[in-house]
Structure formats: structure tokens, C-alpha cells
Amino acid sequence: MTLQLLPQERIKYKTASLIANLRPEINLLLCCTRTNIDTSTASQIHKLLQTNLDWDYLLQKAYQHGVFLLLYESLQKTHPELIPQNISEQLHAYSQIKTARNLFLAKQLCQILDLLGTDNISAIPFKGPTLATLAYGNLVLREFSDLDILVRKDDYLRAKELLIRQGYRHKYFPEHEVASSQAQLIRDDGKVGIDLHYDMVTKDSFFPLDSTPFWQRLQPLSIAGQTVATLQPEDALLVAYIHGSKEDWRSLKRVCDLAELIRAYPQLNWEQILEPVERLGNKRGFLLALLLACNHLSLPLPEVVSQKFKVPPQLRFLAEQLYQQLVCDAELENQLTPSDGLSFFIGGLSLVRIANTDSFRVRVQYCLDIAFRLNERDRAFFLLPDFLYFLYYPLRWFRLIKTYKFGKDKILNLSKLLRCS
């Protein structure tokens, strides 16, 4: 898929036309991955269920995007009689497994919080069971595989040691955590994983949000019959934005998290949300995330956001492209291998990462970093003796141009994207 930045008067944000040509399985998945199904969406689901669906493909996409439980719930609430018997049994069986897993982890979370509390360690659970309850209103509608817990920096080592004494161990080598603000722990039986944090983001994060104020804005939340203190919706939304952007919005589940938080809390304090976004130079990235979320649920941008920030037409078009690419089945012309760590490309550059900063200087630095970052594919492209290693740099440019057809039109498009604000 080639990004083409059209003139402003030709760029229109039309969700209906965007998904009109997608496979029926993808359209059905998009209709079902929401907690509030209106009459129009229910009618669309009914229509799609009467087509010749490739159920294996549909379930594969649901697994891939982490939205199986949402799909199952929506089908059960609308037209379960239209689901083939064998598929219905498969859906029910997997749903039971995922539901049991969610409930088990929720109970484990409560036990871990009690354990930390006995040692006077304050902790904030986030993502996982708390996000499922906050955004989806139901513990068993959002899939999660581990538990995320935030503690104060002064308590971090003590909390980690306490968990290790209770049968947890480092999932990876401890030295991998030296430059990180979190420890990934797993119970000896392998059934429970914990990401223990003393900060929400790493030091080199594109959005260095300070989590200190979170401690003064906690709210009670009932999980598995126990009341815990967790993030208020405004802070949960910022954290959901951080994690979705960190993954370049490659998962429909991340878009759903943001969209469901916006839907569940129509009275969000947007001024509180937008203050750190603007102060930390992340307006573009946050607007892109909101466009993806609102696109998914066919919601308008919150009025206060539209009034405060002007949305560049190029950013709207990029949101359309990302949303379509997110659910598109076709191979992308510019796709790199997973080892490159990028997605949504133009000549090997992540459009999401370019969009995640308001600073022209940082955007250019990122582009230069990609241009000069050698990898094994560069060295395999043409073998050189050690004393000619410096030649790999111009050869990398040649390889990128040859591989991704990075011609004049893409250079012009990229320059427009870099400049848009």
C-alpha cells in the first residue's frame, strides 16, 4: 500500500467507503469488536452472517488481534442461530477457556495486591483485569495474558524480592532490566506472569509521561469481588495510548481499548488528558490515536479536542490508511521483516513513529537513524571484507531504494508528512 498525500480538498474521512471493499469476515469482525451494538450494526451483522463466510479465516483474525471474546459475545447477543453448529461449539469452547483464564488471573491479582499490602507496599494494577472492567464493563470481554502492577520507585526492589520469595522468578535474564523501569516475572509453575513497574514508560519513551500524579488520582474498582485502587479513566486512557503507540497500533485490541474508554466515559476531563499531551510534544501522535479509535466506533472526535487542536488533513488520511492496513489481508508493498521492528511503512520508515512527535527535528533524526542503521540484511545484500565496512552505508541506501522502490513520489510524500503539523 503506497501512501499518497492528496491535496487537502480531496482528503475526506469516510469510514463507510474505507471498509466497503474489505472481505465480509473482516467487516463482521469490525462490527463485532465493540460492547455497544446499535440497531444498524446488528442489522449489518445479520446480513454478513448470511453470506458464505470463511469461519477459519475469521477466527484466525480474531485470535491474531486479541478480540476473540468480543467477537463471541457480539455474535451471542445478536444472531447465534446463524452460526454453524460446529463453529458455535468451537467458539463456546475457546471462550470458556479464555474466560476461565481471565477469572483466574483476576483472583491472582487480588492475592498479589493483598500480599504487597501486608508489607506496606502500595500498588496500582493497570491494563489486564482493571482495563477490562473500566473500559468494557466486564472482566471477560478483554483478553489478557499477564498482570501489570505499578509500585513506587522506593518500593520497587522490595516488591520484586517479595514476589521472588513467593515463587516468582525473572522471565528473562535480570541484566535485561538494567535500563528498564520494569521487571518481567513469572511464577515457577508458569501460570502467572507479572510485569512489575515503577514507571509507566521507559526513559527513552516517545511520550515520557510522569506517573507520579496517578497516585493522587486513584479510584476504587471492584474486581473478582474485591475492591482495588486503580487509575481513573483519564489516566487509563493515556496509558492505553502509550501502549498502543508503542506497538504502532498493529493490534485491533489496542484500538478497541482506546475506543471503549472514550465510549464508556462521555464526561472525560479532556483538559486533564490534553495537558501532558501538548506539554510533551505528542499532539500529532495522540490525534492519530483518537482518529483510529473514533473511526472504529464511528464516533466524532470529542468536541473539546476539535476546538483545541486543528487536525491536519494529512493526519486524517494517515489514520484512514493505518486503519485499513490494520485489518487488510493483502501483503503490503513496503512491509519489512519483524526484525526491523517497524510497521506501516513508506520506504522502510514507520509513519506512526513519525506521527508520534510534534518536533520536526525529532522526525528528521528518526529518518536519519533509519537511513544509517545497518542490519544483517544489509550485510547479506553484499559481502564485504572488514576494511571496506564503511561501504555498507551507501549500499544500505541502494538496497532500500531497490527493495521498496523509494522513488521521487515517495520522497515527496514523506517530506509532506514530515512537515505537516
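On the surface of this predicted model, a nonpolar patch brings together F372, Y389, F390, L391, Y393 and W397. Taken together, these six side chains offer about 560 Å² of accessible area. One of them, F372, belongs to helix α16, which covers residues 360–372. With a relative accessible area of 41%, F372 falls in the partly exposed class, because that class lies between the cut-offs of 20% for buried and 50% for exposed.

Charged pairs come next. Side chains of opposite charge can pair when their charged atoms come close. The structure has 15 salt bridges in total. One of these pairs is K98 with E143, where the closest N and O atoms sit 3.7 Å apart. This pair ties together distant parts of the chain: K98 is in helix α6 (residues 85–118), while E143 is in the loop between α7 (128–136) and β2 (147–151). The two residues are 45 residues apart, and both are buried.

Two other salt bridges stay inside a single helix. In helix α10 (residues 252–264), R263 and E260 are three residues apart, or about one turn of the helix, and their side chains meet with an N to O distance of 2.7 Å. The two ends of this bridge have contrasting surroundings: R263 is partly exposed at 29% relative accessibility, whereas E260 is buried, with a relative accessible area of 1%. In helix α11 (residues 270–279), R279 and E275 are four residues apart, again about one turn of the helix. Here the closest N and O atoms of the salt bridge are 2.7 Å apart. R279 is exposed, at 53% relative accessibility, because the exposed class starts over 50%, and E275 is partly exposed at 41%. Salt bridges also join up into a network, which links R142, E247, R254 and D257.

Now for the helix packing. Two packed helices are described by the angle between their axes and the distance between the axes. Helix α2 (residues 24–32) packs on helix α5 (residues 68–78) at an angle of about 85 degrees, and their axes are 8 Å apart. The two helices are therefore roughly perpendicular, since angles from 65 to 115 degrees fall in that class. On the α2 side the contact is made by L28, L29 and C32, and on the α5 side by L70, L71, S74 and L75.

Helix α5 also packs with helix α4 (residues 55–65), this time at an angle of about 130 degrees and with the axes 8 Å apart. That angle makes α4 oblique to α5. From α4, the residues W55, L58, L59, A62 and Y63 meet F68, L71 and L75 of α5. So L71 and L75 turn up in the contact with α2 as well as in the one with α4, because both residues are listed for each helix pair.

Finally, a look at the backbone picks out a couple of loop residues. N120, in the loop between α6 and β1 (123–126), has a phi near 55 degrees, which is a positive value in a residue other than glycine. The phi of D248 is likewise positive, near 55 degrees, and D248 is not a glycine either. D248 sits in the loop between α9 (233–246) and α10. As for accessibility, N120 is exposed at 67%, while D248 is buried at 0%.

Key
Residues numbered from 1 in each chain as written. Predicted model: local features only at pLDDT ≥ 70, side-chain atom pairs only at ≥ 80, totals over all residues. Heavy atoms only, no water. Salt bridge = Lys/Arg side-chain N within 4 Å of Asp/Glu carboxyl O. Buried < 20%, exposed > 50% of the residue type's maximum accessible area, 1.4 Å probe, protein only. Patch = residues over 30% accessible without salt bridge, like charges linked within 9 Å, V, L, I, M, F, W, Y side chains within 5 Å. Areas by Shrake-Rupley, 256 points an atom, 1.4 Å probe, with all protein chains shown as cover. Axes fitted to C-alpha atoms, helices over the stretch in contact; angles between N-to-C directions. Parallel < 35°, antiparallel > 145°, perpendicular 65-115°, else oblique. Contact = heavy atoms within 4.5 Å.
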